[in-house]
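Here are a few exercises for getting to know a new fold. Grab a pencil, take a look at the model, and try each task before reading its solution.

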Amino acid sequence: MHPSTQLDRPSTTTQGPCPVNSYNEWDPLEEIIVGRLDGAVIPSNHISINISVPRRVRPLFSLFAGIRYPGFMVKPAEREIERLIEVLRGEGVTVRQPDPLDGRQWIRTPYWKSRGFCTACPRDGFLVVGDEIIETPMPWRCRHFEGLAYRKLFQEYHRYGARWTSAPRPSLKDDLYDFNFTVPKDHEPMRYVITEAEPVFDAADFTRCGRDIFVTRSNVTNLSGIDWLRQHLGEDYRIHILESKCRQPMHIDSTFIPLGPGKVMVNPDFIDVDRLPPILKKWDVLQAPRPDKAPGQIISLCSAWLSMNTLMLDHKRIIVEHHQKSMIRALKDWGLEPIPLPFTSFAPFGGAFHCATLDIRRRGTLQSYFD
């Protein structure tokens, strides 16, 4: 894997443009962080994790929780990451990576202890809004100190003018979790494994469209967390909560994907188009095709709708999993230029292209796309 390197900037006291600048999901991409798998450990056995893992693999992950991912899973996924990095660099994008982090080390606080996880998915722990990096208060205990792997990178960005903020560090005590939780059936009222004991959220439950940010409440993002971010960002931004029909909601990037100004792709199983916020009435709402089954037996932490987990290089070019032929055809029909890449081996580590990356700089400014 490619080691973390210094920012490609001259050693000078002259202050240049801020290296962090990203307001939406589609402006031309200039710099990005890509996750890594060094020290990756199967996530710990905890109610907040177990209910988020697909039912078919839940016993397997529970049995091996806290041990290192085996090499036969890590090596092909690392090859996919290397290919992604090669393509990004070929398109002129600066690629950075976090430092290695050993997930086998015990994480301890006065209230609990846990093994770690991995740094595969930087999208979960950090939200970039303009020139600000916000470290999020993730509710999985095994991810409590994941931000340490990014500390050197963020210090460099901060040195060159980026704002660097951390949401209040959550205590993650037992009162945050409903240990009697069961996944609600379709006819039952929606409920979540996390309570409102303190603000928690994953950044991957938010997606940015300039001044308007959309979020899904989920099993990792509570209303207190959404309210904290709303207060923090202030009047320059409007946060809209999307109603999800998913019974195990976690992360918006398999539910609601902005493809450019005036165009958004939605998951037909999770989103009722008639119940979208009125602000989206003038946008083209495109229903994603059903996921194609990739060949071979895939052990995944995610649902089949990982097919929607794409990465925009600009308002036309979009990176998509190469087995998803239906998605590729749909994206072409919608006027986009898909770049197919293999990424199914990455699924056991928690995501696909959007999860595995964090765009740091896109060439654009803060705009409103709904006024």
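Below are five short exercises on this predicted model, each with a worked solution.

**Exercise 1. Work out the strand order of the sheet that contains β6, and say which strands sit at its edges.**

Step 1: Line up the strands. This open sheet has three of them, in the order β5-β6-β7, and the pairing is mixed.

Step 2: Look for strands that pair on one side only. Those are β5 (126–129) and β7, so they're the edge strands by the pairing rule that takes at least two bridges between two strands.

Step 3: Check the twist. From one strand to the next, it averages 20°.

Step 4: Zoom in on one pair. β5 and β6 (residues 132–135) run antiparallel and are joined by four bridges. For a concrete contact, take Val-129: its bridge partner in β6 is Glu-132.

**Exercise 2. Do the same for the sheet that contains β9, then find the helix that lies across β8, β9 and β10.**

Step 1: Put the strands in order. It's an open sheet of three strands again, β8-β9-β10, with mixed pairing.

Step 2: Pick out the edges. β8 and β10 each pair on one side only.

Step 3: Read off the twist, which averages 25° between one strand and the next.

Step 4: Follow one pair. β9 (residues 212–216) and β10 are parallel and share five bridges. Val-215, for instance, has Ile-241 as its bridge partner in β10.

Step 5: Now for the helix. α6 lies across these three strands, at about 160° to β10. Helix α6 (residues 223–233) also lies across β5, β6 and β7, where the angle to β6 is about 155°.

**Exercise 3. Where is Leu-172, what is special about its phi, and is the residue buried or exposed?**

Step 1: Start with what to expect. Most residues other than glycine have a negative phi.

Step 2: Compare. Leu-172 isn't a glycine, yet its phi is positive, near 55°.

Step 3: Place it. Leu-172 is in the loop between β7 (163–166) and β8 (206–209).

Step 4: Decide on burial. The cut-off for buried is under 20% relative accessible area. Leu-172 has 0%, so it counts as buried.

**Exercise 4. Repeat the reasoning for His-251: what is its phi, where does it sit, and is it buried or exposed?**

Step 1: The phi of His-251 is about 80°, again positive in a residue that is not a glycine.

Step 2: His-251 belongs to the loop between β10 (238–242) and β11 (256–260).

Step 3: Its relative accessible area is 7%, so His-251 is buried too.

**Exercise 5. Describe the largest pocket and the largest cavity: how much space is in each, and which residues are closest to each centre?**

Step 1: Think of the probe. Rolling one the size of a water molecule over the atoms shows where empty space is left.

Step 2: Take the largest pocket, which holds about 660 Å³. It's lined by 34 residues, and closest to its centre are Ser-52, Gln-248, Leu-301, Cys-302 and Ser-303.

Step 3: Sort that lining by class: 18 nonpolar, 10 polar and six charged residues.

Step 4: Turn to the cavities. The whole structure has five of 30 Å³ or more, and the largest has a volume of about 180 Å³. Among its 18 lining residues, Glu-135, Thr-136, Arg-143, His-144 and Arg-169 are closest to the centre.

Step 5: Sort the lining of the largest cavity too. It comes out as eight nonpolar, five polar and five charged residues.

Notes:
Residues numbered from 1 in each chain as written. Predicted model: local features only at pLDDT ≥ 70, side-chain atom pairs only at ≥ 80, totals over all residues. Heavy atoms only, no water. 1 Å grid on protein atoms, 1.4 Å probe; cavity = no way out; pocket = protein on both sides within 12 Å on 5 of 7 lines; lining within 4 Å. Points joined across faces, edges and corners; volume = space filled by probe spheres on them. Nonpolar A, V, L, I, M, F, W, Y, C, P; charged D, E, K, R; others polar. Buried < 20%, exposed > 50% of the residue type's maximum accessible area, 1.4 Å probe, protein only. Axes fitted to C-alpha atoms, helices over the stretch in contact; angles between N-to-C directions. Contact = heavy atoms within 4.5 Å.
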